[in-house]
Amino acid sequence: MQKEFPLISIIILNYNQLEVTCEFLESTKQLSYPNFEIILVDNASKINPTQVVHQQYPDVKVIVSKENLGFTGGNNLGIESAQGEYFLIINNDTEVTEDLLERLLEPFNLFPEVGMVSPKIRYFQEPEIIQYAGYTPINPFTGRNRAIGSKEVDRGQYNISHETPYAHGAAMMVKREVVEEVGMLPDLFFIYYEELDWSSQIRNKGYSVYYQANALVYHKESITMGKESAIKAYYHNRNRVLFMRRNTNALQWIGFLIFLLLFIIPKKTVTYVSKGRFVHLKALYRGLWWNIIHPKEEITPVIAKVSRTVNFQAS
């Protein structure tokens, strides 16, 4: 069974969203794949979810972190505990479809160079609307890209699978051997842009990233952070610059820096001030300042090995 159906470790995070997390776990009951484990990492929620989860889903392994490790650290904690040949890192605010795991495995079996696969993602509340059908490359001067098919009605126009520059952080399957070679998620990011950076590091090692059109999940986007939260403003702006510092050459970095100073910062400043969002404005400048006080040698990609010391409780 192990050879025909390799073990898949499904890793999800919970942070003060037990009801949403249980909805995800409930959806996994329909999975047809016969060999998977589920690892739930709680990122220091106010209420320990272990008892409730074990009462309703006794096969789920729960790891409780004593601190909020973010998207990166929390998932890395799950990876360290995972036994699978493949890891499916998936948001707790998604719901899976019956043959998701079989479909996600197909590219790995067909193309040995594939290191990471993401499914098609549609919005949960509007299940015919696409959120992700692959990504365009990051523009080296603006530091932005876009999700292919975003907000389009799914009429089958993106039903052909293909390589893509980046996986989607809401749902991405990666081989164990890739993680062992490239390293785990870059902890430096905490949240936002981390999957783009991880995808880049994986491609730099010679693997490809793949969009699998016939695999599908539904996403209840932004339940965790909120669409306009100040903490999102901080990490999104901080990590946009951080990503560009780690993934551009000198000419591209200079081009981005000019765009940042002349367009991004003035535009965001005017937007936040005009809307009275001074907390967001402060978060923007805190994110920029973070990049100023952290020199290049501190943010250079390094391999995050699957071993570190973190206080947690597993059951």
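**Exercise 1. Decide whether Asn92 is buried or exposed in this predicted model, and find its side-chain partner.**

*Solution.* Begin with the relative accessibility of Asn92, which is 6%. The cut-off for a buried residue is under 20% relative accessible area, and Asn92 therefore counts as buried. Next, locate the residue along the chain: Asn92 sits in the loop that lies between strand 4 (86–90) and strand 5 (94–96). Finally, look at the side chain of Asn92, which makes a polar contact with the side chain of Gln17 at 3.3 Å.

**Exercise 2. Work out how helix 6 and helix 7 are oriented relative to each other, and state which residues make the contact.**

*Solution.* Two packed helices are described by the angle between their axes and the distance between the axes. Helix 6 covers residues 194–204 and helix 7 covers residues 230–247, and they pack at an angle of about 10° with their axes 10 Å apart. Since angles under 35 degrees count as roughly parallel, helix 6 is roughly parallel to helix 7. On the side of helix 6 the contact is made by Leu196, Asp197, Ser200 and Gln201, while helix 7 brings Phe243, Arg246 and Asn247. Sorted by character, the residues of this contact between helix 6 and helix 7 are two nonpolar, three polar and two charged.

**Exercise 3. Repeat the analysis for helix 7 and helix 8.**

*Solution.* Helix 8 spans residues 250–274, and its axis comes within 11 Å of the axis of helix 7, the two crossing at roughly 170°. Because angles over 145 degrees count as roughly antiparallel, helix 7 is roughly antiparallel to helix 8. The residues that helix 7 places in this contact include Ala233, Asn237, Arg240 and Val241, and those from helix 8 include Trp253, Phe256, Phe259 and Leu260. The residues of the contact of helix 7 with helix 8 divide into nine nonpolar, three polar and three charged.

**Exercise 4. Judge how compact the whole protein chain is for its length.**

*Solution.* First take stock of the secondary structure of the protein chain, which comes to 10 helices and 11 strands. The radius of gyration is 19 Å, close to the 20 Å that the globule rule gives for 315 residues, so the chain is as compact as a globular protein of that length. Its C-alpha atoms fill a box of roughly 55 × 45 × 40 Å along the principal axes. Buried residues make up 55% of the 315 residues. As a last step, consider the contacts between residues at least 6 apart in sequence: among these, 77% join residues at least 24 apart.

Note on methods
Residues numbered from 1 in each chain as written. Predicted model: local features only at pLDDT ≥ 70, side-chain atom pairs only at ≥ 80, totals over all residues. Heavy atoms only, no water. Axes fitted to C-alpha atoms, helices over the stretch in contact; angles between N-to-C directions. Helix = DSSP H or I, 4+ residues; strand = E, 2+ residues; numbered from the N terminus. Parallel < 35°, antiparallel > 145°, perpendicular 65-115°, else oblique. Contact = heavy atoms within 4.5 Å. Nonpolar A, V, L, I, M, F, W, Y, C, P; charged D, E, K, R; others polar. Buried < 20%, exposed > 50% of the residue type's maximum accessible area, 1.4 Å probe, protein only. Polar contact = N/O pair within 3.5 Å; in protein donor to acceptor, adjacent residues only side chain to side chain. Rg over C-alpha atoms; globule rule 2.2 N^0.38 Å.
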